[in-house]
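User: I'd like a close look at one part of this model, the place where protein and DNA meet. Could you walk me through it in one go?

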Amino acid sequence: MFNPPNPEVFNPMVWKIARQVPEGRVTTYGQIASMIPSPEGVDPLQYERLGSRWVGSAMRALRDETIPWQRVINSQGEISLPKGSKGAEEQRALLEMEGIIFSASGRVDLTRFGWDGPEPEWLAANGLLPPRTPGKRKSPHDASQPRLL
DNA sequence: CGTTTGACTACGC
DNA sequence: CGCGTAGCCAAAC
């Protein structure tokens, strides 16, 4: 797999960040990776290429049910679990329950539901970096697309 | 021991 | 938006 040199350190960092994603928001593998400093001995340039993969591995290895794993999707706003799989369907259902809307092509609008990351103080306190966030952000509760509930 | 297989992403057309 | 490609690496077949 695409594992970091130190999964026992890297994975918990990923999970800790994932736990911070609020209900009704989503983040991406790459965004989480951007908050984690490149591991000791890893070329930052290489980390930039592999970080998202490593985050994906960490999520795959996740066993803690209390972490909102469903809020981590790929940079295209798609669910990365195999299409049609039980896991993918569960993920979509969980997200829709939080008010997240999927387009006809099965994608989430990251400019609308994307997360800006943890508070700077939290990041600093945990030795993490400010995330690379997608561009401008719309309101998730834009009246043009009302939530059902 | 060669292949396949992953919870990825940026980029090109 | 849909498809294809390169870059990356180890474990399970």
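User: Which helices each supply at least two residues of the surface near DNA strand B?

Analyst: Keep in mind that this is a predicted model. The two helices you're after are helix 2 (29–35) and helix 3 (44–61), each of which supplies at least two residues of that surface. Helix 3 gives the largest share, with 5 residues.

Let's zoom out to the whole patch for a second. DNA strand B has 17 residues around it, and the closest are M1, Y29, G30, R60 and S75. Sort the residues of this surface by type and you get 7 nonpolar, 7 polar and 3 charged. On the DNA side, look at the atoms of strand B within 4 Å of the protein: 52% of them belong to sugar or phosphate, and the rest belong to bases.

Now for some individual atom pairs. Start with G30, one of the closest residues: a polar backbone atom of G30 sits 2.7 Å from a phosphate oxygen of DNA strand B. R53 goes for a base instead, with a polar side-chain atom 2.9 Å from a base nitrogen of the strand. Then there's S80, where a backbone N or O atom is 3.4 Å from a sugar or linking oxygen of DNA strand B. So phosphate, base and sugar or linking oxygen each turn up in these pairs.

How does this fit into the rest of the chain? Chain A has 6 helices and 2 strands, and they run in the order α-β-α-α-β-α-α-α along the sequence. The radius of gyration is 15 Å, close to the 15 Å that the globule rule gives for 149 residues, so chain A is as compact as a globular protein of that length. Its C-alpha atoms fill a box of roughly 50 × 35 × 25 Å along the principal axes. Among contacts in chain A with a separation of 6 or more, 68% are between residues 24 or more positions apart.

As for what's covered and what isn't, 39% of the 149 residues count as buried. The accessible surface of chain A comes to about 8700 Å², and carbon and sulfur atoms account for 54% of that.

One more residue to click on is E98, in the loop between helix 4 (86–97) and helix 5 (110–113). E98 counts as buried because its relative accessibility is 8%, and the cut-off for buried is under 20%. The E98 side chain also makes a polar contact with the side chain of R71, at 2.9 Å.

Methods:
Residues are numbered from 1 along each chain as its sequence is written. Chains are lettered from A and ligands numbered from 1 in the order in which they are written. This is a predicted model: local features need pLDDT of at least 70, side-chain atom pairs count only at pLDDT 80 or more; totals for chains, interfaces and linings use all residues. Side-chain values use heavy atoms; hydrogens and water are left out. A residue is near a molecule or strand if one of its heavy atoms lies within 4 Å of it. A polar contact is a pair of N or O atoms within 3.5 Å; within protein, one must be able to donate a hydrogen and the other to accept it, and residues adjacent in sequence count only if both atoms are side-chain atoms. Helices (H or I, at least four residues) and strands (E, at least two) are DSSP runs, numbered from the N terminus. Ala, Val, Leu, Ile, Met, Phe, Trp, Tyr, Cys and Pro count as nonpolar, Asp, Glu, Lys and Arg as charged, and the others, Gly among them, as polar. The radius of gyration is taken over C-alpha atoms; the globule rule is 2.2 Å times the number of residues to the power 0.38. Buried means under 20% relative accessible area, exposed over 50%, partly exposed in between (1.4 Å probe, protein chains only). Contact means heavy atoms within 4.5 Å. Accessible areas come from the Shrake-Rupley method with a 1.4 Å probe; for residues, only the protein chains shown count as cover.
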